[in-house]
Amino acid sequence: MFSCCFGKAASPTGGANRANNRGSNLDVSIELLDVENMRLYTYKDLQVATAYFRPENKVGQGGFGSVYKGILKDGSVVAIKVLSADSRQGLREFLNEITVISYIQHENLVKLHGYCVEGDHRILVYGYLKNGSLDQTLLGDGHCSINFTWEVRRKICIGVAKGLAYLHEEVQPHIIHRDIKASNILLDDNFTPKISDFGLAKLFPAHLTHVSTRIAGTQGYLAPEYAIRGQLTRKADIYSFGILLLEIVSGRPNQNRRLPVEEQYLLERVWQLYREGELTRLVDTSVEEDVDVDEACRYLKIGLLCTQSLPKSRPSMSNVMKMLNDDMEFNEKDLSDPGLLSELMTYKTGKNHTSGTSSGSSRKPNDSESYGNTTTSYAAMTFTTITDR
Ligand SMILES: Nc1ncnc2c1ncn2[C@@H]1O[C@H](COP(=O)(O)OP(=O)(O)OP(=O)(O)O)[C@@H](O)[C@H]1O
Ligand SMILES: [Mg+2]
């Protein structure tokens, strides 16, 4: 069974790489080569698979490095995530990711095939998901060939909820993902969603009520209590899931600075229109023809429930699944204010709890998540100290 300590004896493959790890800042790295069911690739294997990391084969760029599409010798198509050499925090997450993913499998979680640790190279090899991530497709600016019908959206919402319920409630010890967001939801050929990036996952011992940890995550998806106090519970993931749910139903990113000021923050907008009895205005107009408006509005309300200001008012993921499947009622009277960014600002002016955690991210924020001067009361400095992740 999985051990969260990195202290097991190295395997033969690990021995072969031991020398390569000498001098690494992380003395835990060697032990991880013992991970079972995980293939160890050579750097040469991956160079060949990607035609020497040719730019045309690059499919994405994250905070910790680039992702390439590759074809392995056996013909399998893979996504190869190359960690930037200078990212120390990324290296820790790399190790964490291998350990965590190696022992969990679920249809709604991305499959990690293997990895490469050679010299300074740190590379993860995943199954390639041809329909990309939700941030590029559903929420992207460019042309998208996928028709996000209501049926497809429902399937995505329920699939992500299932994957998260598995991490939160079935895997022992429970896992908090910590970075649920549109770019970490990938779609396979049948639009089955797969949650990716367990690099920030934290093991969550059952006997603890929360884990105090450095703050990591992504602007716009962070639960206020986590961003302010760094107290991490599964409810922080549920908050992020709530934001994602709103994004999927509305087809809008959680923050869009091109919109009029009062509409820029999706959660705030949903809450406002909910109170005005106008939620239908939020349902993505591009699915008008086949959309079940009542169901879409129910999903928006579930999104509001997941983002409630008080963590204990947010439902568990298994109950969220039941609600999405209409197997469980929820009392709308229980809905109160969601946890909004403005609350962070109130705290911010009192005391700064958000000690900065640099991710070494080189990624520029895109338009929907950029920060800087703003005429709203939501100055972004709270989050700039947390960084873009
Ligand atoms: N298995 C995969 N199959 C297909 N495309 C992938 C796969 N994994 C990642 N990608 C693409 O590469 C992009 C970058 O992914 P990556 O996880 O490195 O960063 P991110 O999630 O966008 O940002 P961050 O580093 O802040 O978490 C994703 O948005 C996705 O489009
Ligand atoms: Mg990602």
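In this predicted model, helix 6 (residues 234–250) and helix 8 (residues 293–306) pack with their axes 7 Å apart and at an angle of about 155 degrees. Because angles over 145 degrees count as roughly antiparallel, this angle makes helix 6 roughly antiparallel to helix 8. Where the two elements meet, helix 6 passes helix 8 in a left-handed crossing.

A second helix pair can be described in similar terms. The axes of helix 4 (150–170) and helix 9 (residues 317–324) come within 8 Å and cross at roughly 160 degrees, so that helix 4 is roughly antiparallel to helix 9. The crossing of helix 4 and helix 9 is left-handed.

The loop that lies between helix 4 and strand 7 (174–176) contains Pro173, and the peptide bond that joins Gln172 to Pro173 is cis, with an omega of about -10 degrees. In the loop between strand 7 and strand 8 (185–187) is Arg178, a residue that is not a glycine and yet has a positive phi of about 75 degrees. As a point of reference for these two loops, most peptide bonds are trans, and most residues other than glycine have a negative phi.

Turning to the strands, an open sheet is formed by six of them in the order 1-5-6-4-3-2, and the pairing within this sheet is mixed. Its edge strands are strand 1 (39–40) and strand 2, each of which pairs on one side only. In general, the strands of a sheet pair through backbone hydrogen bonds, in either a parallel or an antiparallel sense. For strand 2 and strand 3 (residues 65–71), the pairing is antiparallel and extends over four bridges. These two strands form a hairpin, with two residues between them, and Gly60 has Val67 of strand 3 as its bridge partner.

Strand 2 also takes part in the surroundings of ligand 1. A total of 24 residues surround this ligand, and the closest are Gly60, Gly62, Gly63, Ala79 and Ser183. Gly60 is thus one of the closest residues to ligand 1 as well as the bridge partner of Val67. At least two residues of the shell are supplied by each of strand 2 (58–62) and strand 4 (77–83), and strand 2 gives the most, with four residues. When the shell around ligand 1 is divided by class, nine of its residues are nonpolar, 10 are polar and five are charged. Residues of the shell come both from domain 1 (14–127) and from domain 2 (150–342), so ligand 1 lies between the two domains.

Terms used: Residues are numbered from 1 along each chain as its sequence is written. Chains are lettered from A and ligands numbered from 1 in the order in which they are written. This is a predicted model: local features need pLDDT of at least 70, side-chain atom pairs count only at pLDDT 80 or more; totals for chains, interfaces and linings use all residues. A residue is near a molecule or strand if its C-beta atom, placed from the backbone, lies within 6 Å of it. Ala, Val, Leu, Ile, Met, Phe, Trp, Tyr, Cys and Pro count as nonpolar, Asp, Glu, Lys and Arg as charged, and the others, Gly among them, as polar. Domain bounds come from an automatic or database domain assignment. Two strands pair if DSSP finds at least two bridges between them. Axes are lines fitted to C-alpha atoms, for helices over the stretch in contact, and angles run from 0 to 180 degrees between N-to-C directions. Angles under 35 degrees count as roughly parallel, over 145 as roughly antiparallel, 65 to 115 as roughly perpendicular and the rest as oblique. A crossing is left-handed if the near helix is turned anticlockwise from the far one by less than a right angle, and right-handed if clockwise.
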